[in-house]
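Open the model in your viewer and keep the sequence panel beside it. We will go from stop to stop, selecting as we go.

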Amino acid sequence: MKVYLIRHGITKGNQRKAYIGSRTDEPLCKEGIRQIQIKDYPHADIVFASPMKRCIMTAEYIYTGKDLIICEGLKEMDFGDFEGKNYEDLKNNPSYISWLESGGENAFPNGESKKEFVFRSQSAFRECIEKVQQSRKNIKAVSFVVHGGTIMAIMEKYGKPKGEYYKWQVKNGELIELDV
């Protein structure tokens with residue numbers, strides 16, 4: 001079975017290079033809509049999506065008329081106190097400097113740690129795949145319309161080589177294909 005991990009189209013927060021996580025439910029911006037509309041995406045028999053507007057909008061543009069299966073566990077990381085801020089906003093913040101020095105491993109102040117987020121994302125992905133496999137239907141392709149962090153978390157476990165979280169960064173509107 002083919003599995004496609006598609007990152008949502010660009011938002012205003014993405015354009016500002018801000019940390020836009022599970023607390024900010026912003027839609028695609030005009031550029032994000034155009035970005036999705038001009039690309040060709042693969043067919044999918046089933047489409048899973050994060051419940052965030054940016055993912056739902058992206059999925060609806062790509063898979064018009066197809067039912068979406070919303071999965072809470074596929075949300076982006078909770079960036080806590082850094083939510084909505086970018087490097088320029090945070091560069092002199094001692095908590096941010098400490099987070100950077102940890103290689104992104106520490107928890108965000110009042111948010112998730114990478115370990116918590118990765119566990120949540122991988123568990124949600126596995127549950128979705130198990131539902132598809134248990135359905136016993138002839139499913140050839142499944143798409144997940146999610147966030148960049150969610151894709152990195154999934155690929156850390158299922159990509160090759162395993163364990164390289166930051167290696168799997170994808171741009172808005174881009175996808176990674178897996179065989180399951």
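Is Arg 136 buried or exposed? Select it and check: Arg 136 is exposed, with a relative accessible area of 75%. The cut-off for that label is over 50%. Bear in mind throughout that this is a predicted model.

**Stop 1: two unusual backbone angles**

Stay on Arg 136. It sits in the loop between H6 and strand E4 (141-146). Look at its backbone: phi is positive, about 60°, although Arg 136 is not a glycine. Most residues other than glycine have a negative phi.

Now select Asn 110. Here too phi is positive, about 65°, and the residue is not a glycine. Asn 110 belongs to the loop between helix H5 (94-101) and H6. Its relative accessibility is 59%, so Asn 110 counts as exposed.

**Stop 2: the whole chain**

Zoom out and switch to a cartoon. You should see seven helices and five strands. Trace the chain from its start, and the pattern reads β-α-α-β-α-β-α-α-α-β-α-β. The radius of gyration is 16 Å, close to the 16 Å that the globule rule gives for 180 residues, so the protein is as compact as a globular protein of that length. Along the principal axes, the C-alpha trace spans about 55 × 35 × 25 Å. Color by accessibility next: buried residues make up 51% of the 180 residues.

**Stop 3: along helix H6**

Select residues 114-134, which form helix H6. Three residues on this helix deserve a look.

Start with Phe 125, which lies in H6. Its relative accessible area is 3%, so Phe 125 is buried. Add Cys 71 to the selection. Phe 125 and Cys 71 are 54 residues apart in sequence, yet their C-alpha atoms are 8.9 Å apart in space.

Go on to Arg 126, also in helix H6. With a relative accessible area of 33%, Arg 126 is partly exposed. Which residues gather with Arg 126 in a patch of positive charge on the surface? Select Lys 157, Lys 160 and Lys 162, and show the side chains: together with Arg 126 they make up the patch.

Then take Glu 127, again in helix H6. Glu 127 is partly exposed, at 44% relative accessibility. Draw a distance from its C-alpha atom to that of Tyr 61. The two are 66 residues apart along the chain, and the distance is 25 Å.

**Stop 4: salt bridges**

Side chains of opposite charge can pair when their charged atoms come close. How many salt bridges does the structure hold? There are nine. We will visit some of them.

Select Asp 179 and Lys 2. Their side chains meet in a salt bridge, 2.9 Å from N to O. Asp 179 lies in strand E5 (residues 175-179) and Lys 2 in strand E1 (residues 2-7), so the pair ties together parts that are 177 residues apart in sequence. Asp 179 counts as exposed, at 60% relative accessibility. Lys 2 is partly exposed, with a relative accessible area of 28%.

Next, select Glu 112 and Arg 120. This salt bridge has its closest N and O atoms 2.9 Å apart. Glu 112 has 12% relative accessibility and counts as buried. Buried here means under 20%. Arg 120, at 22%, counts as partly exposed.

Go back to the strand pair and add Glu 177. Salt bridges that share partners join Lys 2, Glu 177 and Asp 179 into one network.

For the last selection, take Glu 105 and Lys 114. Their side chains form a salt bridge at 3.0 Å, N to O. What is the relative accessibility of Lys 114, and is Lys 114 buried or exposed? At 9% relative accessibility, Lys 114 counts as buried. Its partner Glu 105 is partly exposed, with a relative accessible area of 42%.

How values were computed
Residues are numbered from 1 along each chain as its sequence is written. This is a predicted model: local features need pLDDT of at least 70, side-chain atom pairs count only at pLDDT 80 or more; totals for chains, interfaces and linings use all residues. Side-chain values use heavy atoms; hydrogens and water are left out. Patches are made of residues with over 30% relative accessible area and no salt bridge: like charges are joined within 9 Å, nonpolar side chains (Val, Leu, Ile, Met, Phe, Trp, Tyr) within 5 Å. Accessible areas come from the Shrake-Rupley method with a 1.4 Å probe; for residues, only the protein chains shown count as cover. A salt bridge is a side-chain nitrogen of Lys or Arg within 4 Å of a carboxyl oxygen of Asp or Glu. Lys and Arg count as positive and Asp and Glu as negative; His and the chain ends are not counted. The place of a charge is taken as NZ of Lys, CZ of Arg, CG of Asp or CD of Glu. Helices (H or I, at least four residues) and strands (E, at least two) are DSSP runs, numbered from the N terminus. Buried means under 20% relative accessible area, exposed over 50%, partly exposed in between (1.4 Å probe, protein chains only). The radius of gyration is taken over C-alpha atoms; the globule rule is 2.2 Å times the number of residues to the power 0.38.
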